[in-house]
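Grab your viewer and work through these exercises with the model open beside you. Try each task before reading its solution.

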Amino acid sequence: REEAARSLAIVATPFLRDARAQSGETVLLAVIDRHAGRLTYTQIIESHKPVRYTVPVGTTRPLFATSAGRVLLAFQDDGWRREYLKSADLRALTDKTVTDRRQLQRILDHIRTNGHAVTIGEVTPDVAGFAAPIFEPNGQVNAAFIIGAPIERGRAAVERLTRIVIDTAEQLSRALGHRAQRIPSHQQTKGKA
């Protein structure tokens with residue numbers, strides 16, 4: 001497990017730097033901890049802007065509430081995801097957090113179709129999160145790529161940040177050896193911002 005995280009970090013670094021340059025925002029990698037039903041931020045490159053999203057490496061978050069957690073959840077096998085949705089403690093983190101299990105299932109279905117997730121103020125009131133899955137050669141998803149932004153900047157750039165997060169995750173998946181056809185593209189997000 002640690003070996004995989006280390007090699008992901010080595011491969012990911014130039015992609016993260018590039019995504020930070022393109023977005024101007026903080027970029028992160030998160031990995032799933034299936035046993036705990038949480039994610040852990042394993043790599044973070046902060047925005048250079050004075051007001052920015054910041055969180056320490058090693059921070060954990062519940063899967064159901066964050067953009068990265070939802071991406072990780074959406075791309076797990078059906079049985080594991082169903083069990084998680086049945087048993088997880090869906091406690092609201094802000095007044096925007098989705099805690100209804102059926103609504104969450106619909107969100108996850110949407111993520112599986114569109115290949116990305118966006119949360120606006122659902123984990124921290126003043127933060128927008130954009131995430132897409134990183135596929136391993138066997139098609140499994142154990143990690144997600146994230147852009148975190150202050151909520152007003154995130155809201156103002158939903159389409160652009162979504163495109164960067166999808167493109168970066170796809171490039172990273174290919175660099176790790178994933179060869180599947182293109183994941184649903186950002187073409188489908190046009191006009192939905």
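What you have here is a predicted model, so take everything below as computed from that model.

**Exercise 1. Get the overall layout**

Task: Work out how many helices and strands the protein chain has, and in what pattern they follow each other.

Solution, step by step:

- Start with the tally: the secondary structure comes to six helices and six strands.
- Now walk along the sequence, and you'll read α-β-β-β-α-α-α-β-β-β-α-α.
- Next, check burial: of the 193 residues in the protein chain, 51% count as buried.
- Finally, look at the contacts with a separation of 6 or more: 61% of them are between residues 24 or more positions apart.

**Exercise 2. Put the strands in order**

Task: Find the order of the strands in the six-stranded sheet, and say which strands stand at its edges.

Solution, step by step:

- As general background, strands in a sheet pair through backbone hydrogen bonds, parallel or antiparallel.
- Here the pairing is antiparallel, and the open sheet has the order β3-β2-β1-β6-β5-β4.
- The edges are β3 (60-62) and β4 (117-120); each has a single partner strand, so one side of each is left without a neighbour in the sheet.
- As for twist, neighbouring strands are turned by 30° against each other on average, direction ignored.

**Exercise 3. Walk across the sheet, pair by pair**

Task: For each neighbouring pair, count the bridges, and find a bridge partner you can click on.

Solution, step by step:

- Begin at the β3 edge: β2 and β3 pair antiparallel over three bridges, and Thr40 has Thr60 in β3 as its bridge partner.
- Step over to β1 and β2 (residues 38-45), joined by seven antiparallel bridges. One to click on is Asp33, whose partner in β2 is Arg38.
- While you're there, look at the hairpin of β1 and β2: four residues sit between the strands, and Gly37 takes a positive phi near 65°.
- Next comes β1 with β6, antiparallel again, with six bridges; Val27 stands opposite Ile147 in β6.
- Then β5 and β6 pair antiparallel over nine bridges, with Ala132 opposite Phe145 in β6.
- This pair also forms a hairpin, with five residues between the strands and a positive phi near 90° at Gly139.
- Finish at the β4 edge: four bridges join β4 to β5 (residues 127-135), antiparallel as well, and Ile120 has Ala128 as its partner in β5.

**Exercise 4. See what packs on the sheet**

Task: Which strands does helix α6 lie across, and what does Leu161 touch?

Solution, step by step:

- Helix α6 covers residues 158-175 and lies across β1 (26-33), β4, β5 and β6 (141-150). Relative to β5, the helix runs at about 25°.
- Zoom in on Leu161, which lies in this helix.
- Is Leu161 buried or exposed? Its relative accessibility is 1%, so Leu161 counts as buried, given that buried means under 20%.
- Leaving out residues up to four places away in sequence, Leu161 touches Ser23, Glu25, Phe130, Ile147, Ala149 and Gly154.
- For a distance check, pick the C-alpha atoms of Leu161 and Gly148: they are 9.4 Å apart, with these positions 13 residues apart along the chain counted as separation.

**Exercise 5. Find the enclosed elements**

Task: How many residues of β6 are buried, and how many of α2?

Solution, step by step:

- In β6, ten of the ten residues are buried, so this strand is largely enclosed by the rest of the structure.
- In α2, eight of the eight residues are buried, so this helix is largely enclosed too.
- The buried residues of α2 include Ser67, Arg70 and Leu73.

**Exercise 6. Look into the cavity**

Task: How many cavities of 30 Å³ or more are there, and what lines the largest cavity?

Solution, step by step:

- The count comes to one cavity of 30 Å³ or more.
- The volume of the largest cavity is about 150 Å³.
- Its lining has 17 residues, and the closest to the centre are Tyr41, Tyr53, Val123, Val127 and Gly129.
- Sorted by element, α2 (67-74), β5 and β6 each give two or more residues to the lining.
- Sorted by class, the lining has nine nonpolar, six polar and two charged residues.

Terms used: Residues are numbered from 1 along each chain as its sequence is written. This is a predicted model: local features need pLDDT of at least 70, side-chain atom pairs count only at pLDDT 80 or more; totals for chains, interfaces and linings use all residues. Side-chain values use heavy atoms; hydrogens and water are left out. Two strands pair if DSSP finds at least two bridges between them. Axes are lines fitted to C-alpha atoms, for helices over the stretch in contact, and angles run from 0 to 180 degrees between N-to-C directions. Contact means heavy atoms within 4.5 Å. On a 1 Å grid over the protein atoms alone, a cavity is a set of points where a 1.4 Å probe fits but cannot get out, and a pocket is an open set with protein on both sides within 12 Å along at least five of seven lines; lining residues have an atom within 4 Å of a point. Grid points are joined across faces, edges and corners, and a volume is the space filled by probe spheres set on the points. Ala, Val, Leu, Ile, Met, Phe, Trp, Tyr, Cys and Pro count as nonpolar, Asp, Glu, Lys and Arg as charged, and the others, Gly among them, as polar. Buried means under 20% relative accessible area, exposed over 50%, partly exposed in between (1.4 Å probe, protein chains only).
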